[in-house]
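Proteins can hold empty space, and this report looks at where it lies. Please keep the sequence and the 3D view open as you read.

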Amino acid sequence: MKNPTSTVLVDRSRPKLEAFIFLAILVAIVLIALGISFSTKQPSGALAQSSSSPPPPPTLEQRVAGLEAYITNSDPSGSKIAGSPGPGHNAWLLTSSALVLFMTLPGLALFYGGLVRSKNILSVLAQCFGITGLVAVLWWAVGYSLVFGTNLSGTPLGYFLGGTEYFFLKGVDSMPNTNYSFWVSQNVYCMFQMMFAVITPALIMGGVAERMKYSAVLIFITLWMLFVYFPQAHMVWGASGLMNGVFNAGAKIPAIDFAGGTVVHMTSGWSALILALLLGKRKGYGTEPMIPNNMAYCMTGASILWIGWYGFNAGSAVAADGIAANAFLTTTMATAVASLTWPMLEYTIKGTPTVLGFSTGAVAGLVAITPACGFVNTTGAVVIGLAAGIVPYFACSVLKPLLKYDDALDAFGVHGVGGMLGAFLTGVFATATVNGNLLSEAVAKKNGLAAAVTGGTLWLAQLKAILITIVLATLASLIIGFIVKSLVGLRVDEEVEQQGLDIVEHGEQGYSI
């Protein structure tokens, strides 16, 4: 039998052209940003204030009004403290940002890394780390602006993209952007949303594990962020977004998505399916055992994901308030129920409850409750958790073998199907008793969200959002996949796949025994 580490099948003495191009582009972007910074540099904060006499100090009534607005996470306009960041809300979003990054590094890295074969564990870790750095650069350069900018609002394009005013994070400082929060600094909000942007494309890697070129991964993710994630995130969360039912009075589709059922899970899951189909099955899939290399890593990664998900879901309240508290509780209940339901189905059908079943069930529950956590009560969360333990289970154990596609780590079965399930059930169980924004005079009653909630038809708006997400993710991923295939190819050579991606693509081994 061949020693898998005895030969190296590629010549690494010759620099990779793709890597050189990526570095050159990065340097060019930095130089452009520096040029813009120096040419438009302006004083900020107190230095930017007018030289005219300062305004009179606020009255006692104005001070009290400001404190009340801070406590209730409401508009402080007229209180004379408008535009000041609130330390408590800022602290929670800073913590949440760290928790969401904790989900990718090390949570998802360990979860996915433990599920692949030992010869490919480092390839998963490198994908998670590489995507984190790549997406952070894209977010700084254009992403935050395209998602949360506003200078395209009022135009047809404004429904799909935000604007250009925040390119290279110009003007993104510690003052709140009141389109998204009255009390959280814009740079903190920017960091929080960056972590969502980081983990989403990393989820795609679960569908294509053990066979995709690293250069293809980087190019695909770059294009995917520009043409899938940024438009989708703006449509759902942007101030002028097409499907932002909660905060855009002009939304054409009054759908709701608290923390990313469509933005994060459906886009990544459906894109993973398309990419898996383009790549084809792994060599030996269905005929050879492909045993996870370390179930302890898998369980540890799933546990880290559960912990980090509190920042993901409760942090999406963008405040340390009652809605965040509700999201924390509903996330816990849905996840607990799903983590029990999945292995109990295994126990009933196959005779054994597996650690993989507990871990995957927990992740499925987290996925399904994500769009709903800030809109449903605990009973709704339990029902969603039960559904999340059943529907994705059959998607992974029945649908995948039936249709014979190789979704290696069940990215589609858990995130695509689970995200779709959660988005739909959000429309069934959302209640204004949990989140008053569903009936707000300023937004919900103008765009039809309030009528949909009270009339029991919100699920129709959710279906429209689900369909738009599927069309965008699948068509864009198909086109991008063919582009990348024509440029550098998608899949490693058969010999490389046989030897393992770790030693050939990265020159390292996960285990030295």
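What follows covers one pocket and one cavity in this predicted model.

**The second largest pocket**

The second largest pocket holds about 860 Å³ of space. It is lined by 34 residues. Closest to its centre are Tyr180, Val246, Phe247, Ala317 and Asn437. Two elements each give two or more residues to this lining: α5, which spans 186-204, and α6, which spans 214-237. The largest share comes from α5, with three residues.

**The largest cavity**

How many cavities of 30 Å³ or more are there? The count comes to one. The largest cavity has a volume of about 50 Å³. Its lining includes Val236, Met243, Ala255, Ile256 and Asp257. Thr262, Ala423, Gln462, Ala465 and Ile466 line the cavity too. Which helix gives the largest share of this lining? That is helix α15, residues 458-487, with three residues.

**The linings by class**

The table sets out the classes of lining residues for each space.

| Space | Volume | Nonpolar | Polar | Charged |
|---|---|---|---|---|
| Second largest pocket | about 860 Å³ | 19 residues | 12 residues | three residues |
| Largest cavity | about 50 Å³ | seven residues | two residues | one residue |

Read the table row by row. The pocket lining has 19 nonpolar residues, beside 12 polar and three charged ones. The cavity lining divides into seven nonpolar, two polar and one charged. Asp257 is among the residues that line the cavity, and Asp counts as charged.

Conventions:
Residues are numbered from 1 along each chain as its sequence is written. This is a predicted model: local features need pLDDT of at least 70, side-chain atom pairs count only at pLDDT 80 or more; totals for chains, interfaces and linings use all residues. Side-chain values use heavy atoms; hydrogens and water are left out. On a 1 Å grid over the protein atoms alone, a cavity is a set of points where a 1.4 Å probe fits but cannot get out, and a pocket is an open set with protein on both sides within 12 Å along at least five of seven lines; lining residues have an atom within 4 Å of a point. Grid points are joined across faces, edges and corners, and a volume is the space filled by probe spheres set on the points. Helices (H or I, at least four residues) and strands (E, at least two) are DSSP runs, numbered from the N terminus.
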